[in-house]
Amino acid sequence: MSAADNYNLQFLNHTETSVPTGPSPSDDDTVSGSGDDDSADDDDVRSDLEKQYEVIAYLQTRRSTDLGWVTPRQIESATRVDLPSEDAPVALLLASNPKVRTETLADGTVVYGYQAKFNVSDRSGLLAQINRCRNGVAAKELGDTYDGVAGDLEDMIVGGEIIAVQNKESCDRTLFPRGEPFFVELSGIVKLGDEKTSIVCRGGDPDYTKEIRRGEAVWTSGQWFRASSAVKEGPLSDQPSRAQAPPSVSSNAPLPKKNELEGYLRPMDARTVPLDRPLYEQTLQNAAEADAALSAHGGAAAALLLNPGGQRKRPRRSVGG
């Protein structure tokens, strides 16, 4: 495998469109250690490709600050790569790399920025971009757009705002627009369990084991969850594949029987649905207010408290994806 392949770098011609004015060189960070770190430079055995990789990684961390622009002195301070002089060949590599944008200031200083494939900077823009990709878009192509994008994608998948299909060949997920969702109400009136890790029925005579499967999506108190399918402690990503929630909000079949034989981490029964993630502070507040309204005035008051428009959102299972 070549060094270029090892760092997943492709050197393609890249023509810049108009970009915002970069920062003034007077705003440069002071280069730390210049003058007393000559021995470190003498011992630098990194190749130009390795240096390029480190610079791009640094640019990615700065994509949300100062319009994403970084000066050569800031790059040198963070990576010990001196683009204007000793590492001029690295500067040439960066200039032709599609992951890097450049701008030349009036005094001739070249500033650098990270160039994601899609110009997305927040959750609403992310959803709009996915909705434009009618034939789907790979999750990894959106993974470098802004800080926190991975969490936003996961929330959208959990809540069914988008459809995710696992691609076994690429080990990635392809994301599709969902369109209009279809909601199904769970029976009974629910409240949060004492340990805030489940919802339990406080009114009615449901059998939730016949209404929702583990791994399917459920909405309560303003937050989306999945019915917990964890078989051990730890983050969701550490669960074995057989215990992973499906990327869709509903499923056509239950999870493997082996999970039940070995035991799930959180119990689920006719009146209890375990939740797969921590509750937001706002979710806890919503639940407390709804519980107080329910105790004082009944279910209709609690529903109106959470949804003043009058149409109650509720825990549900979405069908058709």
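## Exercises on strands and helices

In the hairpin of β4 and β5, with four residues between the strands, C171 takes a positive phi near 55 degrees. The model is predicted. The exercises start from this hairpin and move outward.

**Exercise 1. Find the order and the edges of the sheet that holds β3, β4 and β5.**

Step 1. Take the hairpin strands. β4 spans residues 162-167 and pairs with β5 in the antiparallel sense, over six bridges. One cross-strand position to check is Q166, which stands opposite R173 in β5.

Step 2. Add β3. This strand covers residues 137-138, and two bridges join it to β5, residues 172-177. The two strands run antiparallel. Here V137 stands opposite L175 in β5.

Step 3. Assemble. The three strands form an open sheet, ordered β3-β5-β4, with antiparallel pairing. β3 and β4 each have a single partner strand, so they stand at the edges and one side of each lacks a neighbour in the sheet.

**Exercise 2. Which strands does α6 lie across, and at what angle does it run to β5?**

Step 1. Locate the helix. α6 is made of residues 123-132.

Step 2. Place it on the sheet. α6 lies across β3, β4 and β5.

Step 3. Read the angle. α6 runs at about 85 degrees to β5.

**Exercise 3. Describe how α6 and α7 pack, and classify their crossing.**

Step 1. Get the geometry. α7 covers residues 149-159. Its axis and that of α6 are 10 Å apart, and the packing angle is about 60 degrees.

Step 2. Classify the angle. Roughly perpendicular begins at 65 degrees, and roughly parallel needs an angle under 35 degrees. The two helices are therefore oblique to each other.

Step 3. Assign the hand. The crossing of α6 and α7 is right-handed.

Step 4. List the contact residues. From α6 come R123, L126, L127 and I130. They meet V149, D152, L153, D155 and M156 in α7. By class, this contact has six nonpolar residues, three charged residues and no polar ones.

**Exercise 4. Trace the sheet that contains β6, β7 and β10, and say which strands stand at its edges.**

Step 1. Start at β6, residues 189-192. Four bridges pair it with β7 in the antiparallel sense. L192 stands opposite I199 in β7.

Step 2. Inspect the turn. Five residues lie between the strands of the β6 and β7 hairpin, and K196 takes a positive phi near 60 degrees there.

Step 3. Go on to β10, residues 272-274. Three bridges join β7 to this strand, and the two run antiparallel. In β10, V200 has T272 as its bridge partner. I199 has V273 as its bridge partner in β10.

Step 4. Assemble. The three strands form an open sheet in the order β6-β7-β10, and the pairing is antiparallel. β6 and β10 each have a single partner strand, so they stand at the edges, with one side of each left without a neighbour in the sheet. From one strand to the next, the twist averages 30 degrees.

Step 5. Check the cover of β7. This strand spans residues 198-203 and is mostly covered, with five of its six residues buried.

**Exercise 5. Is T283 buried or exposed, and which residues does it contact beyond its neighbours within four places in sequence?**

Step 1. Place the residue. T283 is found in α9, residues 281-297.

Step 2. Apply the cut-off. Buried means under 20% relative accessible area. T283 is at 2% relative accessibility, so it counts as buried.

Step 3. List the contacts. With neighbours within four places in sequence set aside, T283 is in contact with T220, S221, Q223 and F225.

**Exercise 6. Summarise the whole chain: how many helices and strands, how much is buried, and what share of contacts joins residues at least 24 apart?**

Step 1. Count elements. The chain has ten helices and ten strands.

Step 2. Take the burial. Of its 321 residues, 39% count as buried.

Step 3. Take the contacts. Consider those between residues at least 6 apart in sequence: 64% of them join residues at least 24 apart.

Technical notes:
Residues are numbered from 1 along each chain as its sequence is written. This is a predicted model: local features need pLDDT of at least 70, side-chain atom pairs count only at pLDDT 80 or more; totals for chains, interfaces and linings use all residues. Side-chain values use heavy atoms; hydrogens and water are left out. Two strands pair if DSSP finds at least two bridges between them. Axes are lines fitted to C-alpha atoms, for helices over the stretch in contact, and angles run from 0 to 180 degrees between N-to-C directions. Angles under 35 degrees count as roughly parallel, over 145 as roughly antiparallel, 65 to 115 as roughly perpendicular and the rest as oblique. A crossing is left-handed if the near helix is turned anticlockwise from the far one by less than a right angle, and right-handed if clockwise. Contact means heavy atoms within 4.5 Å. Ala, Val, Leu, Ile, Met, Phe, Trp, Tyr, Cys and Pro count as nonpolar, Asp, Glu, Lys and Arg as charged, and the others, Gly among them, as polar. Buried means under 20% relative accessible area, exposed over 50%, partly exposed in between (1.4 Å probe, protein chains only).
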